[in-house]
Amino acid sequence: MSGRLGAYRARDGSRGAAVRIDLDGPHAGLVVGKRGYGKSYTLGVLAEELARAEGVAPVVADPMGIFSSLADFGTEVVADPAVAADALAPRAWCDLLGLEPAAPEGALVWQAAAARSSVDGMRTFVADADTKADRATRRAADNHLALAESWGVFAPDGLTPSDLIEPAAGTVLDLSGLDSAPANAVLRAVAGGLYDHCVRGRPTRLPWLLVDEAHAFFASEAGKSPTGSATASRNVAASALRTVLTRGRQPGLSFVGATQRPSALPAVAVSQADLLLAHRLTSRADLDALAAARPTYLGSFEERLPADPGEVLLVDDATESVHAVRIRERETAHGGGSPSATGR
Ligand SMILES: Nc1ncnc2c1ncn2[C@@H]1O[C@H](COP(=O)(O)OP(=O)(O)OP(=O)(O)O)[C@@H](O)[C@H]1O
């Protein structure tokens, strides 16, 4: 089973035979390139092929809110994704809220997360913890949990891994209305949940987790929202995504991330990728990050990077081949692209 990605591009620019990528086995992929050269578009083409193929389901983390047109293929679009509070481990709760587990309020939040399965339950636990914590500590912990509750991404009947892969054409999680911390919380729960689901048994469909703007979730430094504003919490999705990348393929979970900043990803994200789709990329730091993690990307790789939007250099580990490819056109509408004053 395979998906049509586009067509080979000859050196004179002419179009060659169709390029298909394997969708039968699990993969770890990376789509890189400068802003505006087609990363999200390419991710959308991949999502269309996955939505159409049998036995697999795309789960798209959509921080810019540009993949909802996949609904035309029968993909379920979740406009306000929510997950169960206990899908996050106690440690993740502390990271999410920017609390040190060793500090009094961090320890209290940790205990509450270990003891209760909803934010409401955690807040009750904190309020009742009179013998173990003083008032100031309880108030500080409750303030943090009230903030988390206000994000609206935690619900006892939150999305389960089965919900995500039950629709034959998969699911889009619209994270566009969310700041960095809640978007990270959702992705952490989704990535961790899909991984556990695959490890536990035979999933009805093999999930492919597609993450646009992957640097917003991967960077291990303090959280940055996709728009760049800093937050106190850490990117709690990062550790779950690392697990998916390094161990996901074995139980059947694939991952493809798109980013304009490969240098902001951990080296493992580059070194683990068996499929690289490289659009035009000019930043020295980003080219060096690719080359450092994958010495084979040195030299001619850089010279062969394409110049135009919609073109990629496809590096396929399975066949140990590098191809110049023109990505096909989307069948559903593409929601991205930079705003332009021309023609208004
Ligand atoms: N394969 C393609 N065929 C036709 N047009 C394309 C293709 N790829 C990209 N484009 C055009 O390039 C524009 C920019 O693509 P896209 O929004 O995917 O960029 P991006 O690299 O994801 O940018 P950003 O970093 O801003 O998300 C699209 O709106 C589309 O018009």
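This is a short tour of a predicted model, stop by stop, for you to follow in your viewer.

**Stop 1: the two domains**

Start by colouring domain 1, which covers 2–81 + 159–327, and then give domain 2, residues 85–150, a second colour. The C-alpha centres of domain 1 and domain 2 are 33 Å apart. Next, look at where they touch: ten residues of domain 1 are in contact with seven residues of domain 2. On the domain 1 side, select helix H7 (180–200) and strand E9 (230–234), each of which supplies at least two of the touching residues. Which of these gives the most to that side? It is H7, with six residues. If you colour the domain 1 side by residue type, you will find five nonpolar, three polar and two charged residues.

**Stop 2: the sheet**

Now switch to a cartoon view and find the open sheet, which is formed by eleven strands with mixed pairing. Walk across it in the order E2-E1-E13-E12-E11-E3-E10-E7-E4-E6-E5. Your walk begins and ends at the edge strands, E2 (15–22) and E5 (76–78), each of which pairs on one side only. As you go, notice the twist, averaging 25° from one strand to the next.

Pause at strand E3 (residues 28–32) and strand E11 (residues 275–278). Are they parallel or antiparallel? They pair in the parallel sense, over four bridges. To see one of the partnerships, select Val32 together with Ala278, its bridge partner in E11.

**Stop 3: the helix on the sheet**

Add helix H1 (residues 39–52), which packs on the sheet. Highlight the strands that H1 touches: E1 (2–9), E3, E4 (56–62), E7 (206–211), E10 (254–259), E11, E12 and E13 (321–327). Then compare directions: that of H1 makes about 150° with that of E4.

**Stop 4: Gly310**

Finally, zoom in on Gly310, in the loop between helix H12 (300–304) and strand E12 (311–316). Is Gly310 buried or partly exposed? Count its C-beta neighbours inside 10 Å and you get 17, so Gly310 is classed as partly exposed; a buried residue would need 20 or more.

Show its contacts next. Leaving aside residues up to four places away in sequence, Gly310 touches Gly38, Tyr41, Arg326 and Ile327. You have already met the elements that hold some of these: Tyr41 falls within H1 (residues 39–52), while Arg326 and Ile327 fall within E13 (321–327).

For a last distance check, draw a line from the C-alpha of Gly310 to that of Met64: the two are 19 Å apart in space and 246 residues apart in sequence.

Notes. Residues are numbered from 1 along each chain as its sequence is written. This is a predicted model: local features need pLDDT of at least 70, side-chain atom pairs count only at pLDDT 80 or more; totals for chains, interfaces and linings use all residues. A residue is buried if 20 or more other C-beta atoms lie within 10 Å of its own, exposed if 12 or fewer, and partly exposed in between; C-beta atoms are placed from the backbone. Two residues are in contact if their C-beta atoms, placed from the backbone, lie within 7 Å. Domain bounds come from an automatic or database domain assignment. Ala, Val, Leu, Ile, Met, Phe, Trp, Tyr, Cys and Pro count as nonpolar, Asp, Glu, Lys and Arg as charged, and the others, Gly among them, as polar. Two strands pair if DSSP finds at least two bridges between them. Axes are lines fitted to C-alpha atoms, for helices over the stretch in contact, and angles run from 0 to 180 degrees between N-to-C directions.
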